[in-house]
Amino acid sequence: MPLFHDLPIGITEYAIIITSDLAHCTDLAVFVATPHASRRPNFNALTAFFSRNFGNAVTIKINGVESLEGKTPFQKKLAYGSYNYRLRKNLYHDENSVADINSSRVEKNATLRPAHGRIKITSNPSGANVVIEGERESYSTPCTTDVLPSGQYKISISKAKYSTATATVTVSDGAVTPIHVDLAANFAQVTVNSLSGAEIYLNGSKMGNTSYSAELTPGVYDLEARLSCHRTSKRQIEVEANKPQTITLNPTPIYGSLDVISEPMNATITINGKNYGQTPTTIDNLLIGSYQVTLTKDGYGSETASVT
C-alpha cells in the first residue's frame with residue numbers, strides 16, 4: 001500500500017536512497033503528479049515504483065531519515081527541487097541518479113546492471129562432485145551453479161578412483177562461465193582368472209567364481225583362488241594407477257592312492273561310474289575326496305561302499 005508524507009513547502013534538496021535485497025529488480029520510475037487544489041503549485045507528489053513485479057519493501061531515505069519508507073509501489077509528496085537517489089539491490093550494481101522535480105510530471109528510468117553470474121561445469125567422466133570454496137551448495141557434473149556474486153572462485157572437482165582437480169574461475173557480470181575438466185584416473189584394471197568353479201578372494205573377501213575383474217586404486221592386495229580338493233593358490237600384487245594387470249591363479253590338485261582288494265579276486269572296480277580295472281589293485285593319482293566304489297563279478301552280487 002503506498003505511503004504519502006508531507007514535507008515543508010518550498011524549493012529544497014532531499015537525498016533519496018532506494019534499497020532492496022530482492023531479486024529481478026529492473027526499472028525505477030519517478031513521477032510528479034499534478035498538485036492537489038489545496039496545495040501550493042510548488043508542492044507535488046513523487047511516486048517511485050518498480051515496473052516488473054518487484055513486490056516487497058523499497059526503503060527510501062530523505063535527507064538521511066530512515067523512517068520514511070514503505071512498500072512498492074511507493075509514493076511521496078515532495079516540494080519542487082533536485083533529489084539524488086540511489087537504487088541498491090543485492091547481486092546488482094548500485095544505480096545513482098538525480099530526479100529534478102520542476103513540472104507536473106517527471107519520469108526517470110534506471111536499469112540495474114547485474115553483479116553476478118554463473119558457472120557451467122562439465123567433466124570427463126561425468127558424475128563428479130563439485131565444491132565451490134566459500135559456498136555451501138555442492139553440485140554434480142554436468143551442472144550450472146546458482147547465481148554467484150561476480151569475482152574469482154576456487155572450485156574442486158572430485159570422483160572416486162580419480163585424482164581431484166582444482167581450478168580458479170572468474171565469474172563475470174551477467175555471464176555464464178564454462179569450464180571442462182578431464183579427471184585423471186587413479187586406478188588400474190585388474191583381472192583374475194582361475195580354474196572352473198574356483199572361488200576368488202580379494203583381501204579375504206570372496207569376489208566371484210572362476211574369474212574376476214575390477215578397477216582397483218593404488219595399493220597392495222592379497223589374491224586367492226580356492227577350490228575343493230585343491231591347494232589354494234595365493235598371490236600378493238601391487239597396483240599402480242593406469243597399469244592394468246591380468247593374474248592367473250590355478251589351485252593345484254591334491255592326489256592320493258586307493259588300494260582295492262576283494263574275495264574272490266578279479267572283481268571289476270567302478271569308482272563314481274568310471275572303470276578302474278579289477279581287484280586286487282592300487283589306484284594312484286586319485287584326487288582326494290569322497291568316492292562311491294562298486295565291485296561286481298559274474299555269479300556274485302555287487303558291493304558298493306563310500307570311500308574318502
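Let me start with one pairing: Thr-191 has Thr-246 in strand E25 as its bridge partner. Keep in mind that this is a predicted model. That bridge belongs to the pairing of E18, residues 188–194, with E25. The two run in the parallel sense, over five bridges.

Now step back to the sheet. It is open, has three strands, and reads E21-E18-E25. The pairing is mixed. Which strands stand at the edges? They are E21, residues 211–216, and E25, residues 245–249. Each has a single partner strand, so one side of each has no neighbour in the sheet. On average, neighbouring strands here are turned by 15° against each other, direction ignored.

Next, a hairpin. E19 covers 199–202 and E20 covers 205–209. They pair in the antiparallel sense, over four bridges. Leu-202 has Ser-205 of E20 as its bridge partner. Two residues sit between the strands, and Asn-203 takes a positive phi near 50°.

That brings me to backbone exceptions. Most residues other than glycine have a negative phi, and most peptide bonds are trans. Leu-91 is not a glycine, yet its phi is positive, about 75°. Find Leu-91 in the loop between E7, 81–89, and E8, 95–101. Is Leu-91 buried or exposed? Its relative accessibility is 27%, so Leu-91 counts as partly exposed.

Lys-161 is another case. Its phi is positive too, near 75°. Lys-161 lies in the loop between E15, 151–158, and E16, 165–171. At 36% relative accessibility, Lys-161 is partly exposed.

Now the cis peptide bonds. Thr-279 and Pro-280 are joined by one, with omega about -5°. Pro-280 is in the loop from E29, 274–278, to E30, 281–287. Asn-124 and Pro-125 are also joined by a cis bond, with omega about 5°. Pro-125 is in the loop between E10, 116–124, and E11, 129–132.

Stay with Pro-125, as it leads to Thr-141. Thr-141 touches Pro-125, leaving aside residues up to four places away in sequence. Its other contacts on that count include Ser-126, Gly-127, Ala-128 and Val-130. Where is Thr-141? In the loop between E12, 138–140, and E13, 143–144. How accessible is Thr-141? Its relative accessible area is 5%; the cut-off for buried is under 20%, so Thr-141 is buried. The side chain of Thr-141 also makes a polar contact of 2.7 Å with the side chain of Ser-123.

Last topic, the nonpolar cores. In soluble globular proteins, nonpolar side chains tend to be buried together. The largest core here has 18 residues. Which members touch the most others? Ile-119, Ile-121, Val-130, Ile-132, Ile-155, Ile-157 and Ile-179. The elements giving two or more residues are E10, E11, E15, E16 and E17, the last being 176–182. E16 gives the most, with four.

Take Ile-119 as an example. Setting aside residues up to four places away in sequence, Ile-119 touches Cys-143, Thr-144, Thr-145, Leu-148, Val-169, Val-171, Thr-177 and Ile-179. Apart from this core lies another, of 15 residues. Its members include Tyr-212, Leu-216, Ala-225 and Leu-249.

Methods: Residues are numbered from 1 along each chain as its sequence is written. This is a predicted model: local features need pLDDT of at least 70, side-chain atom pairs count only at pLDDT 80 or more; totals for chains, interfaces and linings use all residues. Side-chain values use heavy atoms; hydrogens and water are left out. Two strands pair if DSSP finds at least two bridges between them. Axes are lines fitted to C-alpha atoms, for helices over the stretch in contact, and angles run from 0 to 180 degrees between N-to-C directions. Buried means under 20% relative accessible area, exposed over 50%, partly exposed in between (1.4 Å probe, protein chains only). A polar contact is a pair of N or O atoms within 3.5 Å; within protein, one must be able to donate a hydrogen and the other to accept it, and residues adjacent in sequence count only if both atoms are side-chain atoms. Contact means heavy atoms within 4.5 Å. A nonpolar core is a set of buried Ala, Val, Leu, Ile, Met, Phe, Trp, Tyr and Cys residues joined through side-chain atoms within 4.5 Å.
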